[in-house]
Amino acid sequence: MFDRHRIGTKAVLVHIHFHEQGNDENLAEFCELSRSAGVEAVSILESKRDRPDPKYFIGKGKAEELRCAVEAGDADLVIVNFALSPSQERNLEQLVQCRVLDRSGLILDIFAQRAQSYEGKLQVELAQLRHLSTRLVRGWTHLERQKGGIGLRGPGETQLETDRRLVSARIKRLNRQLEKVCKQRDLRRKSRRKSSVHTISLVGYTNTGKSTLFNRLTGAEVFAADQLFATLDLTLRRIELPVLRPVILADTVGFVSHLPHSLVAAFRATLEETEEADLLIHVIDAHDENRLECIGQVNDVLNEIGAQDIPQIHVYNKIDLLESANEPRIDRDAETGQAVRVWLSAQEGDGLKLLEQVITERLLEGEGECDDLDAEISLLAANTDVSGGQTKTIRLLPSAARLRAKLFEWNVIVHEDVNDEGEWLVDVTVRPGLLGYLKKQDGCFL
């Protein structure tokens, strides 16, 4: 790299609309990313192109227009909403005489501002160095150590080689430190697995309300704000569900379109909590018009880290911002009765009980058979949806008094009679498809 100009907050934003489908970025999201980084946008330069220009990315004419915009707005920073090659970034800087930042650099800068924990700072620095290592090109020729002349000939390394060596050494050191953190986190995960503690991970696009929902479910005070990447550091909290053993809920960093690969690699240790989770709560902004594209971007990242096969619950958040159909509800599969979507408002606290109910159902689906009668009764009660269930009549032998008492405790009995043999005929309201739990109980007949 050559001598960098000072970095400020007044910036010209550059956005290109490519005619090719699938090669475009969201301008509104770009502006929001800039705002989250603390940038004051003095102007936005837009243009249309078929393909990127090899030298300036935006073309020679637009590059000259950009230089004029920088001078007119007294800007000290240019941000381009695409990934620039090192040569394109360098050529633009030479032309506009100020710092040029691409989309990846902007996201890295936001992460650097948000990192608070030791692990988060290590991960951000590692991602920054990996990004920087590709830009150490012909930048320090004025500090050349290989000199000519009498008395100056001999072995030596260039400043560029020195920088590459120092960056490489620092990357290796950071990787060793992160390996230690990863081992500690892995030990904690193994301890939770031995204790049969479920782990749930919140995932989703950035600024969908994951941290607000996390605070509502756990009573924590994690920083939550209406800005991109408000949460960076991984947070784990314990939540209590009515009939389950303790569950650990993880609040993770939000995803974004075209997330830099160096960032995904650096945050591998954090993302392992998502990869090892028993259940993913995919939080979606119900008010966002581009929510389908955001869902696709999140699934792409989940595929990249190997978490694509983990069961998901789609939580449509921010229903309080919808003009219609803003009541909390559960959408179920018509054939299996399994809950697939939950509509709620984390900000207002509406629909949280529905989400807890669905979490319990989904976690218990993989429990299998249990030898303990209390646990089996809990499975039955946990999978009960009184409001939308069906009423079934079961026959309980006198030996099933314990099961009957539990059914009363969980308030699922609608009516009860006693026949001539002293057996109880009990009308129970249960969710369709979950009567199998009753079939496993001794003294219980459908």
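**Figure 1. Aromatic pairs in the predicted model.** A search of the whole of this predicted structure finds two aromatic pairs. In the pair formed by Phe 57 and Phe 82, the ring centres are 5.4 Å apart and the planes stand at 40°, so the pair is tilted. Phe 57 belongs to the loop between strand 2 and helix 2 (60–72), whereas Phe 82 belongs to the loop between strand 3 and helix 3 (86–96), and the pair thereby links distant parts of the chain, 25 residues apart. Phe 57 counts as buried, with 5% relative accessibility, and Phe 82 is buried as well, with a relative accessible area of 6%. The pair of Tyr 316 and Trp 343 is stacked, with 4.5 Å from centre to centre and 15° between the planes. Because Tyr 316 lies in strand 9 and Trp 343 in strand 11, this pair ties together parts that are 27 residues apart in sequence. Both Tyr 316 and Trp 343 are buried.

**Figure 2. The open sheet of seven strands.** The seven strands follow the order 6-7-5-8-9-11-10, and their pairing is mixed. Strand 6 (235–239) and strand 10 (329–332) stand at the edges with a single partner strand each, so one side of each is left without a neighbour in the sheet. On average, and with direction ignored, neighbouring strands of this sheet are turned by 25° against each other. Strand 9 (residues 312–317) and strand 11 (residues 339–343) run parallel and are joined by three bridges, and Val 315 stands opposite Val 342 in strand 11.

**Figure 3. Helices packed on the seven-stranded sheet.** Helix 7 (residues 210–218) lies across strand 5 (198–204), strand 6, strand 7 (247–251), strand 8 (279–285) and strand 9, and runs at about 155° to strand 7. Helix 10 also packs on the sheet, where it touches strand 5, strand 8 and strand 9, and its direction makes about 150° with that of strand 8.

**Figure 4. The open sheet of four strands.** This sheet has the strand order 2-1-3-4, with parallel pairing. Its edge strands are strand 2 (40–49) and strand 4 (99–101), each of which pairs on one side only, and the twist averages 20° from one strand to the next. Strand 1 (residues 10–18) runs parallel to strand 2 and is joined to strand 2 by nine bridges; within this pairing, Leu 13 has Ile 44 of strand 2 as its bridge partner. Helix 1 (residues 27–36) lies across strand 1, strand 2 and strand 3 (77–80), running at about 160° to strand 1.

**Figure 5. Nonpolar cores.** The largest nonpolar core has 30 residues, and those with the most contacts inside it are Val 39, Leu 77, Ile 79, Leu 106, Phe 255, Leu 280 and Leu 302. Two or more residues of this core come from each of strand 1, helix 1, strand 3, helix 4 (103–114) and helix 10 (291–305), and helix 10 gives the most, with five residues. Apart from its neighbours within four places in sequence, Leu 302 is in contact with Val 203, Phe 255, Thr 274, Leu 280, Ala 307, Gln 308 and Gln 312. A second, separate core of 25 residues includes Ile 281, Val 315, Ile 330 and Leu 355.

Methods:
Residues are numbered from 1 along each chain as its sequence is written. This is a predicted model: local features need pLDDT of at least 70, side-chain atom pairs count only at pLDDT 80 or more; totals for chains, interfaces and linings use all residues. Side-chain values use heavy atoms; hydrogens and water are left out. Two strands pair if DSSP finds at least two bridges between them. Axes are lines fitted to C-alpha atoms, for helices over the stretch in contact, and angles run from 0 to 180 degrees between N-to-C directions. Contact means heavy atoms within 4.5 Å. A nonpolar core is a set of buried Ala, Val, Leu, Ile, Met, Phe, Trp, Tyr and Cys residues joined through side-chain atoms within 4.5 Å. Buried means under 20% relative accessible area, exposed over 50%, partly exposed in between (1.4 Å probe, protein chains only). Rings of Phe, Tyr and Trp (its six-membered ring) pair if their centres lie within 6.5 Å; planes under 30 degrees apart count as stacked, over 60 as edge-to-face and the rest as tilted.
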